[in-house]
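This briefing is meant to be read with the sequence and the coordinates open side by side. Please have a viewer ready in which single residues can be picked out as the text names them.

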Amino acid sequence: MSNHRVASRYAKSILDLSIEKGLLEEVFEDFNNLAAMAKANRELGLALNNPVLTSDKKLKVLKALFAKKSSALTIPFFEIVSRKNRENILIDIAKEFVAQYNLYKSIQVAEVTTTTALTDAQRSQLVAVVKQISGLNTVQLVEKINADLIGGFVLKVNDRQLDESLSSKLKALRVEFSKNHYEKQF
């Protein structure tokens, strides 16, 4: 069974349990923090994937990270995953949990990349576009800045991408000009 399927099943289990126990928001915060820590600190993912480190050491690292503030379900869940020697998929479980939480709460996550920070008016226009595309009323906009776009924006919603950047339009023009230049030569 693939790691994604296993991670999805673990995520579904902890999601269902956290809903049943009334701790969904707390568990979501823990798993969202774990995913963010792994994204910001590559060494955490390497440590959890390291076959040389024992499960006990990996569990100690996780307990230290979540010792001060965590849900009543988080540490016991980490212990179960550790007993099964599945720490290597814990970050995948965290990402999958966040995705399943968003699905459960009907939240559409969209990523927008622009050359500068968005104004409130631009943000609200993009949120309206995402609502129209997804059909969901709650939108979480992840904003990124990339000066290489020159101008415009790139909007990603699930597997759809709307590229309205000047750099992509210039590339398309370059391709068209080179195609026309090539055809005129022959």
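What follows goes through the packing, the sheet, one helix in detail and two loop residues.

The model is predicted, and this should be kept in mind for every value below. Its largest nonpolar core has 32 residues, and apart from that core lies another one, of 10 residues. Four strands, β2-β1-β3-β4 in that order, form an open sheet, and helix α7 lies across these strands.

**The largest nonpolar core**

- Within this core of 32 residues, the members that touch the most other members are F31, L34, F77, F78, L90, I93 and F97, and the elements that each give two or more residues to the core are α1 (3–21), α2 (24–40), α3 (42–49), α4 (55–65), α5 (74–83) and α6 (90–104).
- The other core, which lies apart from this one, counts A110, V112, L118 and L126 among its 10 residues.
- As a general background to such cores, nonpolar side chains tend to be buried together in soluble globular proteins.
- F31 is found in helix α2 and, with a relative accessibility of 1%, it counts as buried.
- Once residues up to four places away in sequence are set aside, F31 touches I14, F77, F78, I93, A94, F97 and V98.
- F97, with its neighbours within four places in sequence likewise left aside, is in contact with A11, I14, L15, S18, L24, V27, F28 and F31.
- For a sense of distance, F31 and D120 are separated by 89 residues in sequence and by 29 Å in space, taken from C-alpha to C-alpha.

**Aromatic pairs**

- The structure holds 6 aromatic pairs, one of which joins Y10 and F77 in an edge-to-face arrangement, with 6.1 Å from centre to centre and 80° between the planes.
- Because Y10 lies in helix α1 and F77 in helix α5, this pair ties together parts of the chain that are 67 residues apart in sequence.
- Both partners lie under the 20% limit for a buried residue, since the relative accessible area of Y10 is 15% and the relative accessibility of F77 is 8%.
- Y10, F31, F66, F77, F78 and F97 form one aromatic cluster.

**The sheet and helix α7**

- The sheet is open and its pairing is mixed, with β2 (138–145) and β4 (160–163) as the edge strands, each of which pairs on one side only.
- On average, and with direction ignored, neighbouring strands of this sheet are turned by 20° against each other.
- Strand β1 (residues 107–114) and β2 run parallel and are joined by 8 bridges, and V112 stands opposite E143 in β2.
- T113 lies in strand β1 and is buried, its relative accessible area being 12%.
- Leaving aside neighbours within four places in sequence, the residues in contact with T113 are K144, N146, L149, G152, F153 and V154.
- Helix α7 (residues 120–134) lies across β1, β2, β3 (153–157) and β4, and runs at about 125° to β2.

**The two sides of helix α3**

- The buried residues of α3 include L44, G45 and L48, and, seen down the axis of the helix, its buried residues fall within an arc of 95°, so they line one face.
- The general geometry fits this reading, because an α-helix has 3.6 residues a turn, so residues three or four places apart point the same way.
- R42 and E43 are exposed residues carried by the face of α3 that is turned away from its buried side.
- The cover over the buried residues of α3 includes α2, α4 and α6.

**Positive phi in two loops**

- Most residues other than glycine have a negative phi, which is the background for the two residues named next.
- N85, which is not a glycine, has a positive phi of about 55°; N85 is found in the loop between α5 and α6 and, at 51% relative accessibility, counts as exposed.
- I150, also a residue other than glycine, has a positive phi near 70°; I150 lies in the loop between β2 and β3 and, at 53% relative accessibility, counts as exposed.

Methods:
Residues are numbered from 1 along each chain as its sequence is written. Side-chain values use heavy atoms; hydrogens and water are left out. A nonpolar core is a set of buried Ala, Val, Leu, Ile, Met, Phe, Trp, Tyr and Cys residues joined through side-chain atoms within 4.5 Å. Buried means under 20% relative accessible area, exposed over 50%, partly exposed in between (1.4 Å probe, protein chains only). Contact means heavy atoms within 4.5 Å. Rings of Phe, Tyr and Trp (its six-membered ring) pair if their centres lie within 6.5 Å; planes under 30 degrees apart count as stacked, over 60 as edge-to-face and the rest as tilted. Two strands pair if DSSP finds at least two bridges between them. Axes are lines fitted to C-alpha atoms, for helices over the stretch in contact, and angles run from 0 to 180 degrees between N-to-C directions. The arc is that of the directions from the helix axis to the C-beta atoms.
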